[in-house]
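The questions below ask why certain terms are applied to a protein model, and how each term follows from a computed value. Each answer sets the value beside the cut-off and then concludes.

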Amino acid sequence: MEDGINTIVLDEELAYVDVVPLRWTALAKPAGPDCAIAQAEHNLRLLQALTALEDRGPAEKVDENSPHSADLMRLEFKVNLLLDIVGQILLRAHPRPEAIPMRFNAHGAIWRAQDGAVHAGETGQLELWLRVALVEPLRMYGRVVSVGVDRRVKVQFDPVGKPVEDLIEKLAFQRHRRQVAGTRERR
């Protein structure tokens, strides 16, 4: 059955697709084991925070059996609004790169470079700001596999560790599920 949404994959795995601030920084040499471990811990905490922010119940439906469900929905709305406002304030204090369309999963990422500063074969760090309320970006070490004539960059990440991989997969699945649900609601 055609649902109107194409499943976005990268290296045969479901991918997170969005328009986000992104920065690639080339490194003279690959990250050492200590840097990789510290980065994995940072990414794990960041993804746990993002999962908590993204985790939503059915916001449209009020449980008629619970006398406080409408109050909880209003409170959740206000907290989300507050987080968005704080995010905007933080954004002014900590400017980010321009947001561009991209896709990523635990194995790699694809985006179209805004300039010619990315070269095939180089190692570096990709930073992704996934939510305005989060000051820190997700940081992934990797190697540029290819840069097309259309400036399409494909990066293969260094192994991120099972906990980070699981959270990225969960994030991609939730995003895809919301997109499918949004398409069905518009019909």
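Q: Why is Arg139 called buried?
A: In this predicted model, Arg139 has a relative accessible area of 19%. Buried means under 20%, so Arg139 counts as buried.

Q: What makes the contact of Arg139 with Glu136 a salt bridge?
A: The closest N and O atoms of Arg139 and Glu136 are 3.0 Å apart. The definition asks for a side-chain nitrogen of Lys or Arg within 4 Å of a carboxyl oxygen of Asp or Glu, so the pair qualifies. Glu136 has 36% relative accessibility and therefore counts as partly exposed. Both residues also belong to a network of salt bridges that links Arg23, Glu127, Glu136 and Arg139.

Q: How many salt bridges does a search of the whole structure find?
A: The search finds six. As a general point, side chains of opposite charge can pair when their charged atoms come close.

Q: What makes Arg112 and Asp150 a salt bridge, and why does the pair tie together separate parts of the chain?
A: The N to O distance between the side chains of Arg112 and Asp150 is 2.9 Å. With a limit of 4 Å, the pair therefore counts as a salt bridge. Arg112 lies in strand E5 (residues 108-112) and Asp150 in the loop between E7 and E8, so the bridge ties together parts that are 38 residues apart in sequence.

Q: Why are Arg112 and Asp150 described as partly exposed?
A: Partly exposed is the range between buried, under 20%, and exposed, over 50%. Arg112 is at 41% relative accessibility, so Arg112 falls in that range. Asp150 has a relative accessible area of 37% and is therefore partly exposed as well.

Q: Where do Asp166 and Lys162 lie, and what makes them a salt bridge?
A: Both lie in helix H3 (residues 162-186), four residues apart, about one turn of the helix. Their closest N and O atoms are 3.1 Å apart, and because the limit is 4 Å, the pair is a salt bridge.

Q: Why is Lys162 called exposed and Asp166 partly exposed?
A: Lys162 has a relative accessible area of 53%, and exposed means over 50%, so Lys162 is exposed. Asp166, with 34%, lies between the two cut-offs and is therefore partly exposed.

Q: What is notable about the phi of Arg151, and where is Arg151 found?
A: Arg151 has a positive phi of about 70° although it is not a glycine. The residue is found in the loop between strand E7 (138-147) and strand E8 (152-157). These strands form a hairpin with four residues between them. Because its relative accessibility is 40%, Arg151 counts as partly exposed.

Q: How do you know that E8 pairs with E5 and with E7?
A: Pairing requires at least two bridges between the strands. Five bridges join E5 to E8, which run antiparallel, so E5 and E8 pair. Five bridges also join E7 to E8, again antiparallel, and these strands therefore pair too. In E8, Lys154 is the bridge partner of Ile110, while Val153 stands opposite Val147.

Q: Which side chains of E8 are buried, and which are not?
A: The side chains along E8 alternate. Val153, Val155 and Phe157 point to one face and are buried, whereas Arg152, Lys154 and Gln156 point to the other and are not.

Q: Which residues touch the most other members of the largest nonpolar core?
A: They are Phe104, Trp111, Leu128 and Leu130, in a core of 32 residues. Among the elements that each supply at least two residues of this core are strand E3 (16-27), helix H1 (33-54) and strand E6 (123-128). H3 gives the most, with five residues. In general, nonpolar side chains in soluble globular proteins tend to be buried together.

Q: How do you know how much confidence the predictor places in the chain?
A: The mean pLDDT of the protein chain is 83, and 81% of its residues reach 70 or more. Over residues 1-5, however, the pLDDT is below 50.

Conventions
Residues numbered from 1 in each chain as written. Predicted model: local features only at pLDDT ≥ 70, side-chain atom pairs only at ≥ 80, totals over all residues. Heavy atoms only, no water. Buried < 20%, exposed > 50% of the residue type's maximum accessible area, 1.4 Å probe, protein only. Core = buried A, V, L, I, M, F, W, Y, C linked by side-chain atoms within 4.5 Å. pLDDT = per-residue confidence, 0-100. Contact = heavy atoms within 4.5 Å.
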